[in-house]
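Hi everyone, thanks for coming. Let me put the structure up on the screen, and then we can walk through it together.

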Amino acid sequence: MAKKIEAEITKVIWNSFIETCNGNGYADLNEWQKINRKLWNLDYIAWSAAEDFMVVSEESGSALYYGVWESEYSSGDVFCRCKLDEE
């Protein structure tokens, strides 16, 4: 049962990050962070521009964002090239 819960949480958080980056999910990544922390009782959730901690190719013309989360039941991370304006 724990594996099923972990898979569901991971799927929802991962997909909602990508949807938000593409303008179809939450209003912005701050809202993504706030709502998912509460919804899944996460110990930790954060996001940032990937260029803040790594060298990122600018070839695509869109920013690369990174999301990470951790809880008793799930942990993971996700990258997405975003259509969002710079935060």
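I'll start with the sheet, move on to the helices and the core, and finish with two loop residues.

A word on the source before that. This is a predicted model, where local features need pLDDT of at least 70 and side-chain atom pairs count only at pLDDT 80 or more, while totals for chains, interfaces and linings use all residues. Residues are numbered from 1 along each chain as its sequence is written, and side-chain values use heavy atoms, with hydrogens and water left out.

So, the sheet. We have an open sheet of 3 strands, ordered β1-β2-β3, with antiparallel pairing. The edges are taken by β1 (44-49) and β3 (75-82), each having a single partner strand, so one side of each is left without a neighbour in the sheet. On average, neighbouring strands are turned by 15 degrees against each other, direction ignored. Strands here are DSSP runs of E with at least two residues, helices are runs of H or I with at least four, and both are numbered from the N terminus. Two strands pair if DSSP finds at least two bridges between them.

How many bridges join β2 to β3? There are 8, with β2 covering residues 63-70, and G67 stands opposite V78 in β3. On the other pairing, β1 and β2 share 6 bridges, and S48 sits opposite Y66 in β2.

Now for the helices, with contact meaning heavy atoms within 4.5 Å. Helix α1 (residues 2-21) packs on the sheet and touches β1, β2 and β3, its direction making about 20 degrees with that of β3. Helix α2 (residues 29-39) also packs on the sheet, touching β1 and β2, and makes about 170 degrees with the direction of β1. Those axes are lines fitted to C-alpha atoms, for helices over the stretch in contact, and the angles run from 0 to 180 degrees between N-to-C directions.

Let's stay with α2 for a moment. Which of its residues are buried? They are L29, W32, Q33 and N36, where buried means under 20% relative accessible area, exposed over 50%, and partly exposed in between (1.4 Å probe, protein chains only). Down the axis of α2, these buried residues fall within an arc of 95 degrees, so they line one face of the helix; the arc is that of the directions from the helix axis to the C-beta atoms. K34 and K38, on the other side of α2, are exposed. The cover over the buried residues includes α1, β1 and β2.

That brings us to the largest nonpolar core, a set of buried Ala, Val, Leu, Ile, Met, Phe, Trp, Tyr and Cys residues joined through side-chain atoms within 4.5 Å. It has 17 residues, of which F17, C21, L29, W32 and Y65 touch the most other members. Two or more residues each come from α1, α2, β1, β2 and β3, and α1 gives the most, with 5.

Last, the two loop residues. N41 lies in the loop between α2 and β1, and its phi is positive, near 50 degrees. As a general point, most residues other than glycine have a negative phi. At 64% relative accessibility, N41 counts as exposed. S71, in the loop between β2 and β3, counts as buried at 11%. Among the residues that S71 touches is N41.

Technical notes
Lists of a residue's contacts leave out its neighbours within four places in sequence.
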